[in-house]
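Reader: I have a model open and do not know how to read its features. Where should I start?

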Amino acid sequence: MPQASRVIDAVADFVESKNTKGSGGRFALKFKAAIQKLALSDVQYSLCNHHVLASLKYSCGHFNDWVIAFKIVNDELIVYEIIHGSLLF
């Protein structure tokens with residue numbers, strides 16, 4: 001989803017601003033690879049532990065301190081939210 005993509009781009013820009021040139025792009029590639037690893041066939045993911053995300057029927061994966069809220073619809077992984085774990089309380 002566009003919102004999730006914007007989060008990855010914003011985090012990559014932040015990483016780039018704090019580190020060496022190209023580090024933001026490398027971070028974004030690793031983040032996207034972590035998301036792709038969630039797209040496994042024949043896997044039934046449980047709902048997120050967070051009550052709001054669970055009420056939306058999202059499953060959750062993680063990358064570093066980030067929570068990836070997603071659903072698998074018609075064998076397609078759709079990422080709806082990417083939230084820093086510290087914001088979930």
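**One helix and one pocket**

Author: Take helix H2 of this predicted model. Its buried residues are Ser23, Gly24, Phe27, Ala28, Phe31, Ala34, Ile35 and Leu38.

Reader: Why do the buried residues of H2 line one face of the helix?

Author: Look down the axis of H2: the buried residues fall within an arc of 140°, so they line one face. On the other side, Leu29, Lys30, Gln36 and Lys37 are exposed.

Reader: What do the buried residues of H2 pack against?

Author: They pack against helix H1 (2-18) and against three strands, E1 (59-63), E2 (66-73) and E3 (76-84).

Reader: How many residues does H2 have, and what span does it reach?

Author: H2 runs over residues 23-38, which makes 16 residues. From first C-alpha to last it reaches 23 Å, close to the 22 Å expected at 1.5 Å a residue.

Reader: Now the empty space. How is that found?

Author: A probe the size of a water molecule, rolled over the atoms, shows where empty space is left. In this model the largest pocket has a volume of about 280 Å³.

Reader: Which residues lie nearest the centre of the largest pocket?

Author: Leu40, Val43, Tyr45, Lys71 and Ile72, out of 16 lining residues. Elements giving two or more residues to this lining are E2 and E3. E2 provides the largest share, three residues.

Reader: What classes of residue make up the lining of the largest pocket?

Author: Eight are nonpolar, five are charged and three are polar.

Definitions and conventions
Residues numbered from 1 in each chain as written. Predicted model: local features only at pLDDT ≥ 70, side-chain atom pairs only at ≥ 80, totals over all residues. Heavy atoms only, no water. Helix = DSSP H or I, 4+ residues; strand = E, 2+ residues; numbered from the N terminus. Expected span 1.5 Å × (residues − 1). Buried < 20%, exposed > 50% of the residue type's maximum accessible area, 1.4 Å probe, protein only. Arc of directions from axis to C-beta. Contact = heavy atoms within 4.5 Å. 1 Å grid on protein atoms, 1.4 Å probe; cavity = no way out; pocket = protein on both sides within 12 Å on 5 of 7 lines; lining within 4 Å. Points joined across faces, edges and corners; volume = space filled by probe spheres on them. Nonpolar A, V, L, I, M, F, W, Y, C, P; charged D, E, K, R; others polar.
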